[in-house]
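Could you walk me through how the helices and strands of this model fit together? Please start with the way two of the helices pack.

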Amino acid sequence: MLDVRRSAASWLGLSRHYVTAFTLNTSYGINLLLQQLPRGEFSRVVTSTIEHNSVFLSTMTAARRLSVPRQVVARTAGGELDLAASDRERAVVVVNVVSNVDGSTLAGLAELTQDVHRRGGIVIVDAAQAAAHSPRLVAGTDVDAVCFSAHKVYGPSLGVVVAREELLRSLDVSFVGGGMVSGVSRDGFDLIPEEPWSLLEPGLQAWGEIIGLGAALDWLRDVKPLGHSPHDHITALSASLFQGLSEIPGLHVVNTEPAPVISVWSDRVDAHRLAVFLSQAGIMVRSGYFCAHYWLTEVLGLPPLLRFSLGLHNTPEDIDTAVHTLSKLLRGLR
Ligand SMILES: Cc1ncc(COP(=O)(O)O)c(C=O)c1O
């Protein structure tokens with residue numbers, strides 16, 4: 001399995017000093033790390049307003065466990081974390097690099113990480129949305145760990161944690177079991193020193209899913225949708241969908257720019273109702289708050305949204321059909 005571990009890290013552009021461990025999903029990976037951070041090392045847990053619940057909630061329980069305050073900060077107009085120097089001291093910063101609501105990206109991650117490190121803190125990144133279409137956003141940033149899900153990169157259901165070996169070795173390992181020890185006595189055990197990933201992998205692993213992830217990453221490296229690179233393909237589709245949705249009268253677009261996820265709402269027709277009608281027309285969208293409740297309900301104060309998520313299987317015709325169908329529905333529904 002070493003090749004899949006290496007393949008996952010290199011997919012993100014992280015090779016030297018990083019170790020890949022497998023788990024259930026992004027949420028589980030973030031929780032596994034946060035719940036095993038050593039007590040007494042950190043003075044605060046920091047996250048941002050535009051986070052998925054897997055970060056938003058896990059930072060609450062992490063702060064409680066570490067007995068430190070939790071800070072929720074905004075992002076600047078330029079997309080940076082609005083975090084004062086004094087709030088970076090011995091901070092555990094947990095943030096996404098790409099939002100699952102509007103695809104907005106975090107700017108300044110490398111500088112933030114450098115500064116947080118200098119002040120004795122760490123940075124853990126939620127790359128669940130980034131992993132498929134912009135995995136290199138974490139490359140060269142020196143972040144301490146990146147969590148993503150194989151099921152968001154065309155693989156089976158599986159979580160991936162790519163972490164600096166140093167971070168794994170610093171953990172107060174408390175989820176333990178078979179496969180991670182080299183010796184056991186009546187009241188103690190020795191962890192396997194030469195397999196640092198095993199620190200996050202108690203018990204039998206999902207080997208079938210891990211092999212599947214390896215195949216998915218190989219496929220992603222070679223695939224040429226409609227003869228284009230995945231990046232060019234998804235960028236063109238995103239631009240076209242953004243423009244099409246922006247031109248539908250009465251439809252509000254949450255995104256300020258094109259992205260592979262675009263969220264919208266209508267003042268007149270409930271998003272869940274629209275989603276059902278779109279589904280009947282063979283167009284799969286998601287409706288609701290997409291596990292970003294705090295950001296959407298409390299900060300932006302929006303009604304449930306409709307979200308289009310683009311993948312490499314989509315075509316320009318899909319975009320035309322989606323825009324045309326939604327536009328027609330909004331004209332017809334009362
Ligand atoms: C930005 C972001 N973070 C975290 C998650 C959680 O992923 P999982 O359900 O695989 O834990 C998602 C899933 O939608 C996401 O989009």
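In this predicted model, helix H2 (residues 26–34) packs against helix H3 at an angle of about 15 degrees. Angles under 35 degrees count as roughly parallel, and H2 and H3 are therefore roughly parallel to each other. Their axes are 10 Å apart, and the crossing of the two helices is right-handed.

Let's look at who meets whom. H2 contributes Ser27, Ile30, Asn31 and Leu34. On the H3 side, the residues they meet are Ser54, Val55, Ser58, Thr59, Thr61, Ala62 and Arg65. Sorted by class, this contact of H2 with H3 has four nonpolar, six polar and one charged residues.

Now follow H3 (residues 53–66) over to the strands. H3 lies across E2 (44–48), E3, E4 and E5, and its direction is at about 170 degrees to that of E2. Since angles over 145 degrees count as roughly antiparallel, H3 and E2 are roughly antiparallel.

These strands belong to an open sheet of seven, and reading across it gives the order E1-E7-E6-E5-E4-E2-E3. The pairing in this sheet is mixed. At its edges sit E1 (18–23) and E3 (70–73), each of which pairs on one side only. From one strand to the next, the twist averages 20 degrees.

For a closer view of one pairing, take E4 (residues 91–96) and E5 (residues 122–126): they run in the parallel sense and are joined over five bridges. Within this pair, valine 95 has valine 125 in E5 as its bridge partner.

Technical notes
Residues are numbered from 1 along each chain as its sequence is written. This is a predicted model: local features need pLDDT of at least 70, side-chain atom pairs count only at pLDDT 80 or more; totals for chains, interfaces and linings use all residues. Side-chain values use heavy atoms; hydrogens and water are left out. Two strands pair if DSSP finds at least two bridges between them. Helices (H or I, at least four residues) and strands (E, at least two) are DSSP runs, numbered from the N terminus. Axes are lines fitted to C-alpha atoms, for helices over the stretch in contact, and angles run from 0 to 180 degrees between N-to-C directions. Contact means heavy atoms within 4.5 Å. Angles under 35 degrees count as roughly parallel, over 145 as roughly antiparallel, 65 to 115 as roughly perpendicular and the rest as oblique. A crossing is left-handed if the near helix is turned anticlockwise from the far one by less than a right angle, and right-handed if clockwise. Ala, Val, Leu, Ile, Met, Phe, Trp, Tyr, Cys and Pro count as nonpolar, Asp, Glu, Lys and Arg as charged, and the others, Gly among them, as polar.
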